[in-house]
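Have the sequence and the model open side by side. The walk below starts where chains meet and ends inside a single chain.

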Protein chains: 6
Amino acid sequence: MEPLIYIINASSRKDTGITDDLARSLLWLRGPNLPRIECVTLEDGPNGISTARDSDDAAPAVLRFVEREAQKSEVGAFVIACFSDPGVHSARELTRKPIIGIGEAGIMAALSFGDRVGTIGVSKSSPAANERFTRRLGVQERVAGHLAIALDYGQLKDEGVVTDRLIEAGRRLRDEYAANVLVFAGAGMGRYVKAVQTAVSLPVVDPTQVAAGLAIAQFMQLHQYCVERFDAHNRS
Amino acid sequence: MEPLIYIINASSRKDTGITDDLARSLLWLRGPNLPRIECVTLEDGPNGISTARDSDDAAPAVLRFVEREAQKSEVGAFVIACFSDPGVHSARELTRKPIIGIGEAGIMAALSFGDRVGTIGVSKSSPAANERFTRRLGVQERVAGHLAIALDYGQLKDEGVVTDRLIEAGRRLRDEYAANVLVFAGAGMGRYVKAVQTAVSLPVVDPTQVAAGLAIAQFMQLHQYCVERFDAHNRS
Amino acid sequence: MEPLIYIINASSRKDTGITDDLARSLLWLRGPNLPRIECVTLEDGPNGISTARDSDDAAPAVLRFVEREAQKSEVGAFVIACFSDPGVHSARELTRKPIIGIGEAGIMAALSFGDRVGTIGVSKSSPAANERFTRRLGVQERVAGHLAIALDYGQLKDEGVVTDRLIEAGRRLRDEYAANVLVFAGAGMGRYVKAVQTAVSLPVVDPTQVAAGLAIAQFMQLHQYCVERFDAHNRS
Amino acid sequence: MEPLIYIINASSRKDTGITDDLARSLLWLRGPNLPRIECVTLEDGPNGISTARDSDDAAPAVLRFVEREAQKSEVGAFVIACFSDPGVHSARELTRKPIIGIGEAGIMAALSFGDRVGTIGVSKSSPAANERFTRRLGVQERVAGHLAIALDYGQLKDEGVVTDRLIEAGRRLRDEYAANVLVFAGAGMGRYVKAVQTAVSLPVVDPTQVAAGLAIAQFMQLHQYCVERFDAHNRS
Amino acid sequence: MEPLIYIINASSRKDTGITDDLARSLLWLRGPNLPRIECVTLEDGPNGISTARDSDDAAPAVLRFVEREAQKSEVGAFVIACFSDPGVHSARELTRKPIIGIGEAGIMAALSFGDRVGTIGVSKSSPAANERFTRRLGVQERVAGHLAIALDYGQLKDEGVVTDRLIEAGRRLRDEYAANVLVFAGAGMGRYVKAVQTAVSLPVVDPTQVAAGLAIAQFMQLHQYCVERFDAHNRS
Amino acid sequence: MEPLIYIINASSRKDTGITDDLARSLLWLRGPNLPRIECVTLEDGPNGISTARDSDDAAPAVLRFVEREAQKSEVGAFVIACFSDPGVHSARELTRKPIIGIGEAGIMAALSFGDRVGTIGVSKSSPAANERFTRRLGVQERVAGHLAIALDYGQLKDEGVVTDRLIEAGRRLRDEYAANVLVFAGAGMGRYVKAVQTAVSLPVVDPTQVAAGLAIAQFMQLHQYCVERFDAHNRS
C-alpha cells in the first residue's frame, strides 16, 4: 500500500468546502518519494466548529477516526486541521504515529519566522480562550495578540471581503500589538496567505501547510527514505 | 532562474563532511514544483562550531552571506544549519526573505510532536547556555533537559559509537527528565533519527529537516505555487 | 422552587459509587439558608474517566446537561466533579451561572493553604499531561509534582490499601518534591483527607469540597441572602 | 468548647465598622454542624490599613494574635481579612492550623470562576505593588489589571457613591483590560457584590466570603464531621 | 554636612557583631569624593532575624528609621542589610531617596555575574519561602537552588566551621543544582567570600557589598559629582 | 603592577567620543585601595554599534580582547560597555575573571531600585529585539517598556536636544507604561542622569556606572582587600 498522511477536517459541514480548500492548498506537497496527502471530512463531527463547545464535540469524532485508521500500516501520520486542536493530546495516547494539531504546529512554526505572533481567527472568540490556548503551549510571552474577522459562513464565501478583513486585522496586529509574524487561526485559508503577506509586509503562516510540512519531514525521517533512496540515486 | 533555498553550514571545516550529510538527509525534499535545496559551506566561517565563541565568530560570516545572496531573485529562503542560530535575528534585519535557524525551528517543531523536549547535543555545553537559549525562545517551561554525547571529531566518524551514545542520552532524557520528544542539537545528524527513535520509542526530530520543511512550506505559500498549479492541473 | 447546586459526576459507571461518595462527603454543607447540594450521575457520560480520551468523551455529556439544566431558575451553579475539568470552559459560554471545575478549584484552593502543591491522582497519567493542565492554569511555578497511586477499580474498594498508597504518595511529595500542601486529583476521595493529613502533616484538600464551598459562597453573594436575612434576623 | 474560625480585621480603627460588615456578610455561613464564625478587631493593629506601611505595621499584631489563639483547642482556623495578607506566611510557621489570607484566597478563588481577574481596590496603590503581590502568587499571567476607586474614609460611608465607583471600575476592567472575573481587593465590601455583578455582568468575588468558605471546607475535612454525622444521620 | 549612606542592621542583637562585620567589609569603599558609609544597629528591631516572623517584626523598625532619617539632607541612601528585605518596598513610599534591600540587590547583582544563582543561607528556611522571595522578584527561572548551613549563633563564631559549611553548600549548589554563581543570603558574611570562591571556583557575591556599591553609584549619578569634579580636576 | 578594570567600548568609531564620556562618568570611582578604571576603544570593532548586526560584528572583537588581556595578572575584570552585551557569555568561557555586560548589569541594577524598568535607547530598535533580550535575562515580567530617542550621530552632539528627548521618553515610560525606574540603554550617557531623574522623578540608572560599581565590589571581595587593609588600618 502507498503510504499516506491524513489531513482531518473534523467538521461534518459540507457546504463550506473546507476539505477541498485544504487539498488544494497542499497540492504542492508532492514528490517522487513523498507519501500521499489525504484530506478527509469527519462525518460524525459537529456541523461546523466555531465555538468552544463545537471543539469539545469534535474531539470524540477525531479520536474514533484515529483509533480506527492508526491500525492501518500505510497510514503514516495524522494532521488535525482544526485550530483548537480537538483530541490532539488524547490521540497521542492511542497511537505512536505522529499526531499534529494545526493550532500547536501553526503557532510554533510562526515562532520560527518571527518573535511575536499575531493570530487572526474567523469566528469571534474571547481573549481569555486564546490565552488559555497559548498558555497551555507555554508560549504566552511570545503572543502579540489575537483578532477575529468575525464573518459568518455566508460572508466567508466572498473572497474579496475576507481578504480585506484579514489585511485589516493583520495591520492592526502589526501596528497596535507589535506582532512581527502572523498565523491564520483556522483551516482552509491558505489561499489568502499571499495577499495578506504582501499587504501587511509580515510573514503569514497557514497552519495546515506547515503542519503538513512537519508531518512529512517527520515521516521521512522515521522511514529513512532519504538515505536509502539517496544511495540508490547515487548508484544509478 | 530556478528558485532555491539555501541550507548554510556556517563552519568552514571540511573534513567533517557535514554539508554533504545535510544534502543527503534532505534528498527526499524534491518535487515537480518545489524549489531546489542548495547546501553550502561558509568559507569565511570558523573552523568548526562547538563553543559559544565559535558561534559568535560564525555570525558575521552568516550575515555577509545573507546580505549578498538575498539580493538574488531566485533565492527564496535561508536555513542557518547551526543549532546555536548564529546571526539569525540580525539577518532578519537585512532581508524580508525567510531566515530560519535550525535551533529555534528544531525546538519549536519538536514541541509540535510532544510536550517536553529533550535536546541531545554533540559538544559538551553548560546547562546555563542551553537555558539561555530556550529562555530567549520563551519555551523554558517545556524543556525537559539537555544532554551532550561529548565526542570529539574523530569519534564522530564512528557511526556505531555515535548511535550508542545518542540512544543512551535519549533514554536518560526519557526516563530521568520525563522528555516525551527529542531533538538533535546539531546539524548533519539526520541519519541517526531512525535508530534512536526505534530504540527510545519517542519522536526524534532532526532540526535541519524540519527547518527545511518549514522553509519550503512558507516559500510555497508566499509564491502561491499551489493554487496556480492546482488550477492548471485541473484544467489539463 | 428550592435553589440547588449541582455536583456532576460525568462518568456513567455505577459500581464505583462515586456519586454517593460525593454526596456523603458534602453532607456538612447544609444550613437554614443554604441551597441544596444535588449530586448527579451523567447517564450519557463515558464508563469511567481515567484516560485523557475518557475526559474528551465526557465533555459533550457535561455540555448537554449544563445546557438543559441552566435554564431552570432554581439551579444556582454547577460543579463538574472530574479533576480534568471536561467541558468547564465551554460550559461557561452556555450560561452565566457559575461553572466550577474541581481541577481548577482544587488546585487554586490548595494554593490558598500552602505554597507548593502536590497532586495525588488515582489513575496513572503522564507528567506531560499534568503539566499541560497546570500550565494552562498559569500556576506551573507553584506545582511541586504529581504522583498517582495507580490502583484499578477493584483495588480502589479496599480503603486500607487506598489509604496506605495515598499516605505513601503524600510523603514522597513532601520529602522529594518539597510540596507543602496536597490535593487529591480525583472525585469522591473526601473520606481519605483526615487520615492522609494526619499521617503526612500537610494540609490535604479534597477538590470537590472546596469547589462546593466556593460555589455556595459565590451563590450566596449573588443572591445577597446574607444581608437580607441578617436584617430579618436582627428585626426578629 | 464550640469550635470557631477567626476572621481577623487587622486594623484597630473602629469608626469604619469593617468588623461588623464582615460579620454581617458571613451570616449565611451557619449550619447545624458548622463551626462558629468569630470576627475580631486587633486592638494593637494600625489605625487603618491603606498604605504598604500600614500593612507592614499590621503583621506583628496579626502574629501576636495567632500565636496566642492558636493554642486554644476550639480554634479551628484563621482568616486574615486584609487583602495585603499581612503576616500570613509567617503565621503558618507558628501553627499548623489553617491560615488563610483574603488576598491570596480571593484571587485564587476568582481564578476558579474566570480566566482573567481584575482587582478593584479602595485605596490608591501603585501598579507595581499590585504586580509584586500577584507575581509572588505566581499568577501574574492571569491578572487583567487593578483599579482603585480612591475614596477616603468619609466617602466610603456613602453606599451610592461607592457602588457607582465600583461599577465604573468593573466596567473598565471588563472593557479595557479584558477581565472576565472581578474581585474586591479589600475587606468588608460583601454588600456591593450583587449590585456590581448585576451591572457589569461578570462574576464578582468578595474575598472574605470565599476565604471563609474555604476555611470551613478545610476545617470540616480535617475533623471529618461530614462522614460521622452522615452515618449518624442515616442511622436515625 | 558630609553626605552619608546608611547600612542598616535591623536586628537589635549585639553579641553577634554583625554591624561591625558590615563596617569592616565595606572599608574599601572610601574615596576622596565618596559619601561616608554609616553602619547602624536598630535598637527597636527584633533580637536577631532568623525566622519569617523576625523579618515581619523588623519591618516597622526599619520604617521608623527611614522615616526619621530621610528628612536629613546629608543622608543619600539606605541599604537594608537583611536578606529578607524587611520594609524595603514600603520604605520607598516614605522617601524618594534610594532604598536598597540586600536580598533584591544581592540576587540581581549575582545574575550579572552568572546565569543560575545558588543562595546560601545561615538559618534553616523552607524552600517555599525562598521561592516566594525569588518569584516576587520575577527571576525564579534563574534560581538554581537554596541551601542553608543551619548553624546556631554559637557555631557562627567559629570561622573555620562556617567556612567549611559554606564551601560544602557551594559545591552542592554547583554540582547538584547547576548553579554557576553564588550569593550569601545574609548580612555580615563578606569575610568568607574569598575562601568560598577559591574553593568552589564560582563567583561568590556578598550582598551587602554589591548593595553598597549600587547605592554609591546611584548616589553619585544623582549628585552628578562625577562631571563637576572631573571638570575641576581637568582645570587644576 | 597596579590592578585595573577594563571598560570596553566595542565600537571603533572615534568621533562620537564615547570612550571619553565613559571615562569622565566614572571618575568618581577612585579611592586609595581601588583598582584603576581603564576605558578602551576596540580598534577592530565595528564602526558604531546601532543595529543588531553591529552587535554581532562586535562580539569577535570583544572576544579577541578578553582572550589577550585576561592573561595579564593585573587585569581584574572586564566591563563590556555596549548595551546589547556582545560576546559577554562567550567571554565567560575564556576566563574566570568577572565579565560584566552593561545591558544585563544595567537592567538588573535598575530592578534593585524599582519594580518596573523602562529602558531608553538611542537607536531605533524593534520591540521584538528588546523582548528577546529581557526574555533571555528571565526578567520579562518586570519590564515596563522600551522607547528610543531615535537620534542620529549628528543630533547626539546637541546635549539640549538629547536631554529633551530623554525626558520625553522617560515621562512616557512613567505615565503610559507604568515604569517606576529607568535605565539608559546605551553607553556614555551618564551625563544625562541628573537632568532626567530630576525632570521625571524616577530613579535613572546609567548602566556603565552600576556595572563598574559591581565590577569593583566583586573585585574587592575576591582580593579581600577590605579585611586586610582594615586590620592594617586598625593596627596603625
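**Where chains F and E meet**

Between chain F and chain E, 47 residues of chain F are in contact with 47 residues of chain E. This is a predicted model. Which elements of chain F give two or more residues to the side that touches chain E? They are helix 1 (18-25), helix 4 (102-110), helix 7 (193-200), helix 8 (207-223) and helix 9 (225-235). Helix 8 of chain F gives the most, with ten residues. By character, the side of chain F that touches chain E divides into 25 nonpolar, 13 polar and nine charged residues.

Now superpose the two chains. A turn of 180 degrees, with a shift of 0.0 Å along the axis, lays chain F on chain E with an RMSD of 0.0 Å. The two copies are therefore related as by a two-fold rotation axis. To find that axis from chain F, look for F:Gly31. Its C-alpha is the nearest to the axis in chain F, 2.0 Å from it. The same surface serves both copies, and 100% of the contact residues of chain F recur in chain E.

**A second axis, and chains that do not touch**

Next, compare chain E with chain C. Here a turn of 120 degrees does the job, again with a shift of 0.0 Å along the axis and an RMSD of 0.0 Å. That is the relation of a three-fold axis. In chain E, the C-alpha nearest this axis belongs to E:Glu141, 5.3 Å away.

How many residues of chain E are in contact with chain C? Six are, and they meet five residues of chain C. The side of chain E that touches chain C is made up of two nonpolar residues, one polar and three charged.

Other pairs stay apart. Chain A and chain E do not touch, and their nearest C-alpha atoms are 14 Å apart. No contact joins chain B and chain D either; their closest C-alpha atoms lie 14 Å apart.

**Two helices up close**

Stay with chain E and pick out helix 8, residues 207-223. This helix has 17 residues and reaches 24 Å from its first C-alpha to its last, close to the 24 Å expected at 1.5 Å a residue. Of its 17 residues, 15 are buried, so helix 8 of chain E is largely enclosed by the rest of the structure.

Helix 2 of chain F, residues 52-69, can be checked for length too. At 1.5 Å a residue, its 18 residues should span 26 Å, and the end C-alpha atoms are 26 Å apart, which agrees. Yet helix 2 of chain F has a kink of about 25 degrees at F:Ala58, shortly before the proline F:Pro60. Because 14 of its 18 residues are buried, helix 2 of chain F is largely enclosed by the rest of the structure.

**Inside chain A**

Finally, look within one chain. Chain A is divided into domain 1 (4-103 + 208-235) and domain 2 (105-206). The C-alpha centres of these two domains of chain A lie 21 Å apart. Their contact takes 20 residues from domain 1 and 16 residues from domain 2.

On the domain 1 side, helix 1 (18-25), strand 4 (99-101), helix 4 (102-110) and helix 8 (207-223) of chain A each supply at least two residues. Helix 8 of chain A has the largest share, five residues. This side of domain 1 divides into eleven nonpolar residues, eight polar and one charged.

Methods: Residues numbered from 1 in each chain as written. Chains lettered and ligands numbered in written order. Predicted model: local features only at pLDDT ≥ 70, side-chain atom pairs only at ≥ 80, totals over all residues. Helix = DSSP H or I, 4+ residues; strand = E, 2+ residues; numbered from the N terminus. Expected span 1.5 Å × (residues − 1). Bend = angle between axes of the 7 residues up to and from the residue. Buried ≥ 20, exposed ≤ 12 C-beta atoms within 10 Å, placed from the backbone. Contact = placed C-beta atoms within 7 Å. Nonpolar A, V, L, I, M, F, W, Y, C, P; charged D, E, K, R; others polar. Least-squares fit on C-alpha atoms with pLDDT ≥ 70 in both. Domains from an automatic or database assignment.
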